[in-house]
Amino acid sequence: RLANSALFGLEAKIDSLTHAVLLLGLTRVKGLAMTVAIMKGYLRGILKSDTLRRCWTHSLACAFLAEEMSPACGVDKEYAYTAGLLHDIGRLSVLVAYPAEYTNLLKVAEENSFEVLECERQLFDIDHCEAGRWLAGQWNLPPEFGEILGRHHEPFAGPKLGAVGLTHLACELADALGFSVLEAKPLPDIERIAAGMPAAVRDRISLDPEELKARIGGRIVALLRGGLN
């Protein structure tokens, strides 16, 4: 269904898993399988929640942005996509476990301009970055994933981003394009984000806000329709 969706726009009808793997490649199929597994298993039924849908849309936007920017950052595309997809899994886990409490937390933080991480620590004794790092250990993910999930809100430093810096950048860009967890959060300035990028990355990617938002938004819509219908 995903191979035949608007996400890829293939002309030929894909009628078997083998055909899909041949056309899309095993790497792409693995990434899509993980995405749909999280949607239909880990998040099943709760995607009806506006809050959870915003959180999941943010994660998808981050995954697509990380994947697009990965060649300029010297990071493997599949690795970058997976890092972007899982970077907020700690937040999603807290939200799945405590949907009413976490939704209210976001509302209070938004209305009062509170820092979300601090609100999480006060209410749950853990923030979503720490929760993500803990989950990475529980799931026996490679050690760097613990760093990515635990430090994706920390500004990157140095001439090379690496996977942690790339995920942080993709997360910021997702917010700047309107794919934010908080509905009324002031959007980060794309020009400011671009100015802080290593020159080698900034020179190799297009940061036109309207074009980028339309492309990423189109991929998200196509994936959600293809994966859920």
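This section describes the helices, the nonpolar cores and the cysteines of a predicted model.

The protein contains 13 helices and 0 strands, and every element in the order from the N terminus is accordingly listed as α. Of its 229 residues, 49% are buried. The exposed surface of the protein amounts to about 11500 Å², with carbon and sulfur atoms supplying 55% of that area. When contacts between residues at least 6 apart in sequence are considered, 61% are found to join residues at least 24 apart.

The largest nonpolar core comprises 63 residues, among which Leu65 and Leu173 touch the most other members. Helix 3, spanning residues 50–73, makes the greatest contribution to this core, giving 13 residues. A second core, separate from the largest, has 5 residues, including Ala3, Ile14, Leu24 and Val29. With residues up to four places away in sequence left out of the count, the contacts of Leu173 are Leu65, Met69, Ile190, Ile193, Met197 and Leu207. Leu173 and Leu65, the two residues that touch the most other members of the largest core, are thus also in contact with each other.

Two helices were examined for burial. Helix 10 (residues 162–176) is largely enclosed by the rest of the structure, because 13 of its 15 residues are buried. The distance from the first C-alpha of helix 10 to the last is 21 Å, close to the 21 Å expected at 1.5 Å a residue. Just after helix 10, Gly178 adopts a positive phi of about 100 degrees. Helix 5 (residues 89–97) is likewise largely enclosed by the rest of the structure, since 7 of its 9 residues are buried. The buried residues of helix 5 are Ile89, Gly90, Arg91, Leu92, Ser93, Val94 and Leu95.

The cysteines were considered next. A disulfide requires two cysteine sulfur atoms within 2.5 Å, and the number of disulfides found is 0. For Cys129, the closest cysteine sulfur belongs to Cys171 and lies 8.6 Å away, which is too far for a bond. Cys171 is in no disulfide either, the nearest cysteine sulfur being that of Cys62, at 5.3 Å. Cys129 has a relative accessibility of 6% and therefore counts as buried. Cys171 is also buried, with a relative accessible area of 4%.

Key. Residues are numbered from 1 along each chain as its sequence is written. This is a predicted model: local features need pLDDT of at least 70, side-chain atom pairs count only at pLDDT 80 or more; totals for chains, interfaces and linings use all residues. Side-chain values use heavy atoms; hydrogens and water are left out. Buried means under 20% relative accessible area, exposed over 50%, partly exposed in between (1.4 Å probe, protein chains only). Helices (H or I, at least four residues) and strands (E, at least two) are DSSP runs, numbered from the N terminus. Contact means heavy atoms within 4.5 Å. Accessible areas come from the Shrake-Rupley method with a 1.4 Å probe; for residues, only the protein chains shown count as cover. A nonpolar core is a set of buried Ala, Val, Leu, Ile, Met, Phe, Trp, Tyr and Cys residues joined through side-chain atoms within 4.5 Å. The expected span of a helix is 1.5 Å times one less than its number of residues.
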